[in-house]
Amino acid sequence: MDIECLVLGAGQEVGKSCVVVTINGKRIMFDCGMHMGYLDHQRYPDFSMISKSGEFTDSLTCIIITHFHLDHIGALPYFTEVCGYNGPIYMTYPTKALAPLMLEDYRKVMVDRRGEEEQFSSEHIVKCMKKVTAVDLKQTIQVDEDLQIRAYYAGHVLGAAMFYAKVGDAAIVYTGDYNMTPDRHLGAAQIDRLQLDVVITESTYATTYRDSKYAKEREFLKAVHKCVAGGGKVLIPTFALGRAQELCMLLDDYWERMNLKVPIYFSAGLTIQANMYYKIFINWTSKKVKDTYATRNAFDFKNVCSFDRSMINAPGPCVLFATPGMISGGFSLEVFRQWAPHEGNLVMLPGFHIKISISCCLCSKTPTQIRLDQDVFIDVRCQIHQLSFSPHTDAKGIMDLVKFLSPKHVVLVHGEKPKMAALKEKIQSELGIKCYYPANNENLCIPSTHHVKAVASDAFLQSCLCPNFKFLETSSEQDSELAITHNIAMPQLQVYDDRVCEGVLTLQRDQNPKVVNHNELMSALGIKTHEVKLAQCCEVSREFPDYRHEHIYSNMPPLLLKGKMPSQNTSHTVNSCCTSSMAGEELAAKTTTARWKLGGGFELELRFEYEIGGGAERGEMEARWWVFWDEVVLVEDGGQPVVWGLEVAGGGKGDDGT
Amino acid sequence: MERRLLAAVICTPEKNPNLSPESTAAVLSLITNPFTSDTTLSSLLDTLILHLQNPNSDHRKILSLLSALSRHHSSLCHRIAAAAAAASFISSSSTSIASIPHALSLLELDHSAEFDSFSDESLFLSLCFLQCVKTRRWMLRNVSRFHVRPSVLLTVLLGFTKDPYPYIREAALDGLVFLSNGIVVEDRSLIECCYFRAVELLFDAENSVRCSAVRAVSEWGQLLVALNPDTTKRDWSDALFVQLSLMVRDTDMEIRVAAFNALGKIQTVSEDILLQTLSKKALAATKEKKFPGQYTANLFKVPAMAAAFTFVHGLEDEFYEVRRSACHALQMLTVLSAEFAGGAVHILMDMLNDDSVVVRLQALETLHHMAMHDHLKVEESHLHMFFGALIDNNALIRSAARKTLQLIKLQKLAVFRSCIDGLIKNLELYPEDEADLFSVLYKIGRTHGKFVISIIKEVSQELEPSFDGKLGFNKVRTAALLVLAISAPVSLERRICSIPPQMFSYAVTMLGRLSCGLVDVMNQSNLLAYLTYCSRFTVASASEFSKGEALEFHSTGNVQLLKRSDEICGDLPRTSMDLNKDTTPLHNYLLNSHVKATSCMEIVLGKVVDLWPMIQLGCWDEVVRTLRSWKQELKKFICNSRQPAGILVFALKYVHVIKLLGKAWACYFSKRNLQFKGMGVLESLLGKTERRLKEMLNRYAGLSREETLHILELMLVTYTLRLSYGGICCFEDYMQKLNFVLSRVEYFRKEGPLELSHFVNELQNISSEIGNSEDGSIHKLYLLQKSLNLFSLKHFVLSGELKYLDAEVVVCDNDFQNPIPFISGLPVGIPFRIKLYNISNETRLWLTMTLGEKSTQFVFLDLDEFEGCNAIREFTFIAPFYRTPKVKYFSLRVSIAMECLSEDQHFKHRNGPKHDLVHLCKGKEVHLSMAVK
């Protein structure tokens, strides 16, 4: 079965993240965001792609929200309350707590300030949040019989999580936004090494390589210190959550260390409320914050006090955090208008801007005047300092995560197209992992793992418990010279533990495959032990000659099976010494042929490899199938070596191998 | 009660194989009650052992009771262990198999050697290969307890790295780590197998396995690197580094810590790769490089790029454990490359801002380590980080910061000034650091003399007493600046006179505080002497000299100077004063007046004593200048006199020896130099000193016992220095030499009453102690080192006339253009004109002819055959040279040497001298060329 990824948003763009993944019949919607850059229908994902009829509850198994940013959650109330989705929704506890704040704030801005038509109301938000199930980190949720999900820490913002979803044998990870390097207040992403078919990862900074954050912090502190030492005022427009806390912690520490007395202000409103949430969800913050919690709450800033509008023009230096981050309006714009004309002041600009914002104008060039309105101009004489503390991981981080998880496929979302293309190339060439970056509304099909379940007999399981390892010395001439040229892939001596390939897989008509022990099989068939003494490479005909014996049993030592058999005439060998592997359906076809050919009382006799993987939590055993041998080479006990089922063509019998 | 309980327990075994909860409780209460009698315990033990032998009973329960019993009553250990061993042997039923680990863990309680099932290899193997996973895990985890052949162990462990159970894999890897430390494997394929197997497990799904794999990769990687020839060693070392640096991006904290610990252990890494660890982008040098190893589960070559940003990631890590470990790894690796160290400094400096104390401390230690290796280049922008560390509220951090700061060489005055301000601020905030801080200020001042002078000039007003005549030394700042001021004269930059002398007198007022801080540099009396000396020195040289003080010196100087007390530290103010007066005036004085050469010499010999404390203080440049001027004086006298007066030459030699010894002394005691570059220098200095001293002993006839003793003492100092820095492993040789000299001293003392110095006495004690101890002679080194502190230079008084043994040798009619003809293979006669001074008939004199580096031919000169008296003897002599080489042209180096019969050392020249030689003249070249027909 394939895994289908239907990208409804954030395909080759940043904004309105929304991916619907179908795994083994289960449909999961990851994120349900809105695009902040559009005001028309494009701001929401095209939900009609999910179901033409508009019956969403039945067509989706669940919705998973990674974090509370609007481009990941903004369309949720609309989808549940207006479009009528009524199924389960999962998000982490902090996200559940903070999401309504964000949504409500956004709704207010949209409706109250800009006077737009209301997309969803406050009640919608409340109702929507009631449908949400909150999850904890690393807590495995059984959504239904087949679907398991689990959240992993992602850094980025408070409560951000990556989600692991597994249906049957197929498993994927959807990262949402994440950060691979820790902040002051949030940790780095943390995940287990999982067996995955697909990783869907964000790629905001697909080609950026960020340097150490320390240098930036130092610069920031230096600029601020210099400004306040000169009696200037510092305006730091920020988003309410995340960056504000990060910078505030940085400044607070610095103030403490340098013994500065200049006041730091937080503009009232969302930020202060947000601080409260940080204090509550202390467990979701970085190690450092958690450690200091024993003595004090790191979010109880010592040097920070709240700000009053009347203080804007109060004399003396100060540092002010004000929302919103892009100086697009509100309080930060108001302060900016007052402070920008004075030379001693400083405005700290965030790294990421939407194209139309003032902050973007300020960054692209250093203007002397900014046109705010038809008639309103602001003279900008203050210093501008740009500061990009991004909570997104950079290209190295993405590569590191992908390398760590080593999935079979990678899907890139949440990034810009040309950069994604570059990253795709890198992933494919460096890691050898297939990579895709579908556009919006594109449906991507990825083949998934499918295991055939085999029953194991008790005797086989018992034998599995006993160690049974072997050493194999490969006869290679590649010795020291290769060490110099770095071509060595394998050491000469290798270890195998073959207890898992000691079994025999039996496939009987209309029955489940079963793994049994040798002895079991032999006693069931009433045959004697045979030993293969001849194993050589020679051309083999596909036809089986007269099949007098029903003995079909091979006990080739794995040493020969896996190793390279010395082949005198490789040019026209068909198979016997090469191993071929097949999985899934292919195998079934193969077995069928083999069965017909062999006849007798048996359908098939195969060698296979069997792995107990993934530890106890997986519950079931997964088997990988390897067909090593098409035909069977048999030797009677003690007798002369006879090649059964092989017809040697051409130059007569090959030399006897042993 | 006791009986009843026991009865309740004892009666059960047959009826009820499993102990009931009641009887278990009864057993426990009997065990834990300290008043239970021994007999009861013994029968209780019997019962339990019976239970243990019953295959149907619950072995785990019994064994845990047994372990409780052995814990509480150690006397029973032995029996319990025996029972447990028996139980582990008869592990037939499945229930008892599961309890084997319990049984085995009981075994270790028994320490008696007679019963040791841990050495039973077959038991070990059979237990390992049991079906029971738990037993296997226990066996592997406790692999270190078993005495199994390493080869067997290695095979078993290697095999179990393939086990499907992660805990077995982990235990097997840990076992391999344990094994790698204890065995020598020479089979390359085996080591490779272990290494690559461990590398494979770096990609295991289980965290704990990966963590163990990191350690295993590190250990076996080291073995693999060591096994490689030098040509490929570096590549393999790089491969190991890159392989391990993959793991620093693991999401498990412990693995990251382990990875950095492992990285820190790597001995050599290419600079390219080290630089790559600081950069995220691929560097040109590493872009294409690939190493054997594993990149992902499926890719079997590691690109060098895998090391990108390793250390920055580590230092930015969320967990302080990782950051500390990364800092520590940096400490080890920055030694390897200066360029890498330069890059790492930036980020390390940021670590001084870290919120975790251990990380800050480790970062400072790393910086200190870099400074020690001269790999620390501090930029101005970094310094405020350092100053931050100076006022840290943790004393350890402050101390570490100061330790590092004192090693840094600052380039700009402004930076130096802010550095001093930082230190003063430290002192103001934390007065408890005073002692250490003074020492740091003193040391910093010493390395930045020029800056100190300009600073002191700026603040000299501040240091002056206020109007009411009180010095503001209770002010911390003043005290600190004074320390700085007094450090200037010992500066390595030769600016001695520019500090106002009153500073030194001010400093005397806080002598106690100062000496507390400078205790590692000099003791209080030395310090006082130094301060007093400096406070007058400048006055004398700069101003007062012109006021006629020099004249006063002329008249009275001689008398005063000769009455010098032998102790350095005693009577110091006067000593120093006299000394400083005479350094420059002596020159003029000697030139202008026709004082006898001997009196000049006496003055010099007297003065030399005064230089010794200066050497101890480290004012080396001053000493050298003085000595140099004296040497010139003496040389002038020698030139003027018609024949070389032995006594003058002797004095010259003596001054030279003191110069060498002083230099060696200074080198030895400046520990930092010694550690990194000084070894060779010191060694050659001591070698020279030794040769000169030997010459002095042997080339002067008429040395009195006291004089000889003095030279022998200097010889002892030389040997002791040589021994105690432990540079070269010729300990035994030098010990022998030392003992020989000591025995000579002893011989002198037997001849008549002699006063030996503390130093010599102490050495005699040490020597006898070392002689008595059988093996620990090396461990007595510290005694030798300590004894050096007892040494002080004594006044050398020459009692009588000395005869200088000298020789001149001239080859007749020979120079480069006029060579002596020879026929290769045949001997050639070389005519010499030889002049000998003061050489008696008994002297065994040799003519040495050296060809090339090694081959020397000796010709004995029988003085009886030649005319002349002992005082001067002149003759011609034709010496044969036998081994003429097959060349067209060659030259010989010819010299005259005297065999020192007093020297112990035996030479093994056939037909040559048997004792040490002292050359009496400079080597002369003799040129020979093939005879042309």
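**View 1. The side chain of T92(A) reaches the backbone oxygen of G159(A) at 2.7 Å.** In this predicted model, T92(A) belongs to strand β5 of chain A, which covers residues 89–92. A polar contact, also of 2.7 Å, links the side chain of T92(A) with the side chain of T95(A). Leaving aside residues up to four places away in sequence, T92(A) touches A134(A), V135(A), G159(A), A161(A) and W284(A). The relative accessible area of T92(A) is 0%, and because buried means under 20%, this threonine counts as buried.

**View 2. Strand β2 of chain A, residues 18–23, is largely enclosed by the rest of the structure, because six of its six residues are buried.** The two faces of β2(A) can be followed residue by residue: C18(A), V20(A) and T22(A) lie on one side, V19(A), V21(A) and I23(A) lie on the other, and all of them are buried, so that both faces are covered. Strand β1 of chain A, residues 2–9, pairs with β2(A) in the antiparallel sense over six bridges, and within this pairing L6(A) has V20(A) as its bridge partner.

**View 3. Strand β2(A) is also joined to strand β3 of chain A, residues 26–30, by five bridges, and these two strands run antiparallel.** In this pairing, T22(A) of β2(A) stands opposite R27(A) in β3(A). The two strands form a hairpin with two residues between them, and in this hairpin N24(A) takes a positive phi near 45°. As background to this view and to the sheet views that follow, strands of a sheet pair through backbone hydrogen bonds, either parallel or antiparallel.

**View 4. Seven strands of chain A form an open sheet with mixed pairing, in the order β7-β8-β9-β10-β11-β20-β21.** At the edges of this sheet are β7, residues 140–142, and β21, residues 434–436, each of which pairs on one side only. From one strand to the next, the twist averages 20°. Helix α13 of chain A, residues 417–431, packs on the sheet and touches β20 and β21 of chain A, and the direction of this helix makes about 165° with that of β20(A).

**View 5. Within the sheet of chain A, strand β11, residues 198–202, and strand β20, residues 409–413, pair in the parallel sense over five bridges.** Which residue of β20(A) stands opposite E202(A)? The residue in question is V413(A).

**View 6. D308(A) is found in a loop of chain A, between strand β14, residues 304–306, and strand β15, residues 318–322.** Is D308(A) buried, or is it partly exposed? With a relative accessibility of 42%, D308(A) counts as partly exposed, because that class lies between the limits of 20% and 50%. The C-alpha atom of D308(A) is separated by 8.8 Å from that of Y265(A), although the two residues are 43 residues apart along the chain.

**View 7. In chain B, strand β13, residues 924–930, is joined to strand β6, residues 820–822, by three bridges, and these two strands run parallel.** L928(B) in β13(B) is the bridge partner of I820(B). Strand β11 of chain B, residues 889–899, is joined to β13(B) by six bridges, and here the strands run antiparallel. In this second pairing, F890(B) stands opposite L928(B). L928(B) therefore appears in both pairings, with I820(B) as its partner in one and F890(B) as its partner in the other.

**View 8. Chain B as a whole has 40 helices and 13 strands.** Of the 933 residues in chain B, 55% are buried. Among contacts in this chain between residues at least 6 apart in sequence, 71% join residues at least 24 apart. The accessible surface of chain B comes to about 40500 Å², and 54% of this surface belongs to carbon and sulfur atoms.

**View 9. Two cysteines, C435(A) and C921(B), each count as buried.** The relative accessibility is 2% for C435(A) and 15% for C921(B). A disulfide is a covalent bond between the sulfur atoms of two cysteines. How many disulfides does a search of the whole structure find? Over all chains, the search finds zero.

Terms used. Residues are numbered from 1 along each chain as its sequence is written. Chains are lettered from A and ligands numbered from 1 in the order in which they are written. This is a predicted model: local features need pLDDT of at least 70, side-chain atom pairs count only at pLDDT 80 or more; totals for chains, interfaces and linings use all residues. Side-chain values use heavy atoms; hydrogens and water are left out. Helices (H or I, at least four residues) and strands (E, at least two) are DSSP runs, numbered from the N terminus. Axes are lines fitted to C-alpha atoms, for helices over the stretch in contact, and angles run from 0 to 180 degrees between N-to-C directions. Contact means heavy atoms within 4.5 Å. Buried means under 20% relative accessible area, exposed over 50%, partly exposed in between (1.4 Å probe, protein chains only). Accessible areas come from the Shrake-Rupley method with a 1.4 Å probe; for residues, only the protein chains shown count as cover. A polar contact is a pair of N or O atoms within 3.5 Å; within protein, one must be able to donate a hydrogen and the other to accept it, and residues adjacent in sequence count only if both atoms are side-chain atoms. A disulfide is a pair of cysteine sulfur atoms within 2.5 Å.
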